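Here is a short tour of one protein chain, from its overall form down to its core. Take a look at the sequence and the fold, then read on.

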Amino acid sequence: MSTTPAEIAEAWRRERPGTPVDSIEVFTPVVRLAKLLTDDRTRVLRAAGIDRATLDLLSVLRRSGPPYTLTTRELTERTLVTAGAISQRVARAEQEGLVTRAPDRSGHKAVAVALTAAGHAVIERSVDAVLGRDSELVAGLSAEEREVLIPLLGKLEAYVRSRGA
């Protein structure tokens with residue numbers, strides 16, 4: 001049986017009076033939930049035959065709209081990874097026939113990355129699997145509860161980012 005966040009906080013209060021424990025009842029369930037969601041997402045992706053990095057790359061391209069082409073700089077700006085990581089992701093996806101690379105038409109030294117028909121098919125199938133499963137999991141909250149939670153999560157994320165985390 002798992003120790004509850006309240007029990008963890010109380011134990012720290014008892015063992016180390018004065019220790020700041022106000023974060024425990026927020027962080028512990030968030031960390032536990034993140035682990036559960038990450039493990040579940042990994043299983044869904046494995047079943048769909050795609051890895052997290054490729055899903056991220058193809059999703060950004062697909063959401064960009066026709067012609068499903070972005071520069072490597074735009075890809076970097078729209079993801080949470082470095083330019084080097086984007087370069088590696090693009091190279092792998094290109095080897096798999098999911099994207100193509102070409103000089104950007106703007107005349108700059110930019111590289112344009114385009115979703116191929118095969119990449120489009122993979123992302124359509126994968127996004128249905130992933131977002132379908134995500135919908136199943138958030139069904140544990142009512143629409144009203146999600147409306148309350150969404151801005152709170154956004155506020156916490158923005159604050160943590162502002163603190164350099």
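A residue counts as buried when its relative accessible area is under 20%. By that cut-off, 25% of the 165 residues of the chain are buried in this predicted model.

Let's begin with the layout. Seven helices and three strands make up the secondary structure, and along the sequence they follow the pattern α-α-α-β-α-α-β-β-α-α. The chain has a radius of gyration of 20 Å, whereas a compact globule of 165 residues would be near 15 Å. Among contacts with a separation of 6 or more, 45% join residues 24 or more positions apart.

Some values for the whole chain are handy to have side by side:

| Property | Value |
|---|---|
| Box of the C-alpha atoms along the principal axes | roughly 65 × 35 × 30 Å |
| Exposed area | about 11,400 Å² |
| Distance between the mean positions of positive and negative charges | 5 Å |

Carbon and sulfur atoms supply 59% of the exposed area. The charges comprise 24 positive and 22 negative ones.

Now for the interior. In soluble globular proteins, nonpolar side chains tend to be buried together. Here the largest nonpolar core has 22 residues, and those with the most contacts inside it include Ile 50, Leu 57, Leu 58 and Val 90. Two or more residues each come from helix 2 (24-48), helix 3 (52-63), helix 5 (83-95), strand 3 (111-115) and helix 6 (117-138). Which helix gives the most to this core? Helix 3 does, with five residues.

Val 90 is worth a closer look: leaving aside residues up to four places away in sequence, Val 90 touches Leu 57, Leu 75, Val 99, Arg 101 and Val 113.

Definitions and conventions
Residues are numbered from 1 along each chain as its sequence is written. This is a predicted model: local features need pLDDT of at least 70, side-chain atom pairs count only at pLDDT 80 or more; totals for chains, interfaces and linings use all residues. Side-chain values use heavy atoms; hydrogens and water are left out. Helices (H or I, at least four residues) and strands (E, at least two) are DSSP runs, numbered from the N terminus. The radius of gyration is taken over C-alpha atoms; the globule rule is 2.2 Å times the number of residues to the power 0.38. Buried means under 20% relative accessible area, exposed over 50%, partly exposed in between (1.4 Å probe, protein chains only). Contact means heavy atoms within 4.5 Å. Accessible areas come from the Shrake-Rupley method with a 1.4 Å probe; for residues, only the protein chains shown count as cover. Lys and Arg count as positive and Asp and Glu as negative; His and the chain ends are not counted. The place of a charge is taken as NZ of Lys, CZ of Arg, CG of Asp or CD of Glu. A nonpolar core is a set of buried Ala, Val, Leu, Ile, Met, Phe, Trp, Tyr and Cys residues joined through side-chain atoms within 4.5 Å.
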